[in-house]
Amino acid sequence: MTDLDSLLSTLYQGAESRGLPVVDAAFLQEPTFALHVDTTSPDEALDLAQRMLSPFVSITVDLFNAEEFLDEFDGEVTPEIARLARERNDQPQGVALRWFGLGATGLYLADAEWAQDLATFKESWAEGQQSAWAEERDARAVRIASLADRIELDPRYRAAGQNQRTVIGRIVMDELRHADDDATTVKWALERASKSVRENAATAYLSVSESVEVVTNELRDTDDWRKSRTAKEREATARAFLLERTGYAPTAALVEIVARQAHTWR
């Protein structure tokens with residue numbers, strides 16, 4: 001519908017001729033049914049309201065606000081669309097006729113073709129934004145996974161104890177980071193690497209914990225262990241042995257157990 005001014009005139013005159021007062025009313029319930037100008041004429045809608053014994057009808061006009069429309073695009077709008085929007089500012093973009101009768105609420109709608117064109121452009125733009133966001137999200141996820149894997153694979157990171165891991169992780173990250181890796185990407189990559197190294201270390205040391213005696217005997221057969229004299233030296237040797245065996249820094253508790261048992265069984 002292009003001429004909403006003509007439609008409004010038809011609705012007001014039609015309501016008056018049928019004895020239907022036009023009231024500025026707020027309807028608290030959703031419409032029971034809706035009709036559209038493309039399939040129902042104004043006279044047909046008013047005749048229906050009359051047959052439903054409606055005591056009044058309400059006519060509302062939706063005026064187009066160009067600035068509100070353009071603000072939603074964050075400046076990403078073509079000059080042609082911007083010009084069209086500003087030309088239509090404060091013009092009727094939609095008309096709604098409402099009435100209540102026989103326990104039902106009717107709604108009759110009409111909109112301008114230019115408003116439909118702008119709405120179609122907005123939907124297309126929104127779909128494009130959604131697609132671009134999805135691509136950015138997927139690309140970020142791939143980058144985060146790649147960074148996290150490379151950090152976790154770094155021997156320095158695996159060898160670091162829990163208290164040192166944060167510092168070492170940032171050092172490794174600085175070596176891998178690109179200029180376009182933002183703070184969120186860095187944060188999530190470090191968090192993912194931290195989780196991975198904990199899980200992988202736990203898996204690696206599960207077999208060690210289940211065969212401490214075998215591991216201890218292997219440790220005792222090394223030249224480094226034979227050269228260890230003090231408790232501090234024995235713990236350092238046990239830690240280095242476990243790190244070389246698994247690739248991951250052992251816990252202080254496990255180091256103490258292995259060093260003590262290897263010394264006891266000497």
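Two strands are said to pair if DSSP finds at least two bridges between them. With that in mind, the tour of this predicted model opens among its strands.

**First stop: strand S3 and its partners**

Select strand S3, residues 92-101. Of its 10 residues, 8 are buried, so the strand is largely enclosed by the rest of the structure. Next, add strand S2, residues 57-63, which runs antiparallel to S3 and is joined to it by 7 bridges. To see this pairing at the level of residues, display Val-57, which stands opposite Trp-99 of S3.

Now add strand S4, residues 104-111, which pairs with S3 in the antiparallel sense over 8 bridges. Here Arg-98 may be displayed together with Leu-107 of S4, which stands opposite. S3 and S4 form a hairpin with 2 residues between the strands, and Leu-102 in this hairpin takes a positive phi near 55°.

**Second stop: the second largest pocket**

Select Phe-64, Phe-69, Gln-93, Leu-118 and Lys-122: of the 13 residues that line the second largest pocket, these are the closest to its centre. The volume of this pocket is about 180 Å³. Strand S2 appears again here, since S2, helix H3 (66-71) and helix H5 (113-153) each supply at least two lining residues. H5 contributes the largest share, 5 residues. By class, the lining has 7 nonpolar, 2 polar and 4 charged residues.

**Third stop: the largest pocket**

Move to Gln-162, Arg-165, Ala-249, Pro-250 and Thr-251, which lie nearest the centre of the largest pocket, among the 16 residues of its lining. Helices H7 (162-176), H8, H11 (231-246) and H12 (252-264) are the elements that give two or more residues to this lining. The pocket has a volume of about 300 Å³. Which helix gives the most to the lining? That helix is H8, with 4 residues. The lining residues divide into 10 nonpolar, 3 polar and 3 charged.

**Last stop: Thr-185 in helix H8**

Remain with H8, residues 183-210, and select Thr-185 within this helix. Is Thr-185 buried or exposed? Its relative accessibility is 5%, and buried means under 20%, so Thr-185 counts as buried. Display Asp-182 as well: a polar contact of 2.8 Å joins its side chain to that of Thr-185. Leaving aside neighbours within four places in sequence, Thr-185 is in contact with Arg-140, Arg-143, Ile-144 and Leu-147. To end the tour, select His-36, which is 149 residues from Thr-185 in sequence and 49 Å from Thr-185 in space, C-alpha to C-alpha.

Key. Residues numbered from 1 in each chain as written. Predicted model: local features only at pLDDT ≥ 70, side-chain atom pairs only at ≥ 80, totals over all residues. Heavy atoms only, no water. Buried < 20%, exposed > 50% of the residue type's maximum accessible area, 1.4 Å probe, protein only. Contact = heavy atoms within 4.5 Å. Polar contact = N/O pair within 3.5 Å; in protein donor to acceptor, adjacent residues only side chain to side chain. 1 Å grid on protein atoms, 1.4 Å probe; cavity = no way out; pocket = protein on both sides within 12 Å on 5 of 7 lines; lining within 4 Å. Points joined across faces, edges and corners; volume = space filled by probe spheres on them. Nonpolar A, V, L, I, M, F, W, Y, C, P; charged D, E, K, R; others polar.
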